[in-house]
Amino acid sequence: MARDRGYGCWPGFFITFEGFLKILEFVLGLIAFALVLGHEKAELFSHYGFFIVVSALCWIFALILLLWHLFGCCYVCCLGKWQKEYSLWIFLLSYALSFFFFFLFASALLAQWTYGIAQFIIATIIGFILTIIFFIEIIIYYRRVRKIRLTEVAYEGAKTRNI
């Protein structure tokens, strides 16, 4: 039953909304990284360094996740154990939450130091678009984690010992 979902393997993942978001993350992260790094004022130890590091980590991690899905490493519920699936969604939820806040702060800082330079303005807009994409992923992953918590991990009430 779980194998019928097609999640986590080629091409099942890439034709879903979530797969489209991952590909968009990779492309936009790479464009934002190239835009900021391509300017002569941009150095790693400058005002733009935080955005450079965040955008580089974004497209590198998006590429790693895309490769994991390509080779089927994220194929969930292969043994019918909810722990494996739950751990994957918790990992992806924490990944999306981290990059949501990273891009929110990095884009806000980059917006402060644009000085009307078109490359930085476009990179700032892309950074805020990536913030929205990560927020959408947070909602997707939270719903999956919540569904597993409600269906698989039944809460049995407070268990206390009589001492």
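A salt bridge is a side-chain nitrogen of Lys or Arg within 4 Å of a carboxyl oxygen of Asp or Glu. With that in mind, you can explore this predicted model, which holds three salt bridges. There is also a nonpolar surface patch of about 840 Å² to look for. Let's take the charged pairs before the patch.

**A bridge between helices H1 and H4**

- Begin with Arg 144 and Glu 18, whose side chains meet in a salt bridge at 2.6 Å, N to O.
- This pair ties together distant parts of the chain, since Arg 144 belongs to helix H4 (residues 118-151) and Glu 18 to helix H1, 126 residues apart.
- Are these two partners buried or exposed? Arg 144 has 28% relative accessibility, so it counts as partly exposed.
- Glu 18 has 4% relative accessibility, and because buried means under 20%, Glu 18 counts as buried.

**A network around Lys 22**

- Lys 22 forms a salt bridge with Glu 25, their side chains meeting at 3.5 Å, N to O.
- Both of these residues sit in helix H1, three residues apart, which is about one turn of the helix.
- Glu 25 and Lys 22 are both buried.
- Lys 22 also meets the side chain of Glu 137 in a salt bridge, here at 3.1 Å, N to O.
- That second pair links distant parts of the chain: Glu 137 is in helix H4 and Lys 22 is in helix H1, 115 residues apart.
- Like Lys 22, Glu 137 is buried.
- Which residues do the shared partners join into one network? They are Lys 22, Glu 25 and Glu 137.

**The nonpolar surface patch**

- Now turn to the surface, where Leu 44, Phe 45, Val 53, Leu 57, Ile 60, Phe 61, Ile 64, Trp 68 and Phe 91 make the nonpolar patch.
- Which helix gives the largest share of this patch? Helix H2 (residues 49-70) does, with six residues.
- Leu 44 is one of the patch members, and you will find Leu 44 in the loop between helix H1 (17-37) and H2.
- Why can Leu 44 be part of a surface patch? Patches are made of residues with over 30% relative accessible area and no salt bridge, and Leu 44 is partly exposed, with a relative accessible area of 48%.

How values were computed
Residues numbered from 1 in each chain as written. Predicted model: local features only at pLDDT ≥ 70, side-chain atom pairs only at ≥ 80, totals over all residues. Heavy atoms only, no water. Patch = residues over 30% accessible without salt bridge, like charges linked within 9 Å, V, L, I, M, F, W, Y side chains within 5 Å. Areas by Shrake-Rupley, 256 points an atom, 1.4 Å probe, with all protein chains shown as cover. Helix = DSSP H or I, 4+ residues; strand = E, 2+ residues; numbered from the N terminus. Buried < 20%, exposed > 50% of the residue type's maximum accessible area, 1.4 Å probe, protein only.
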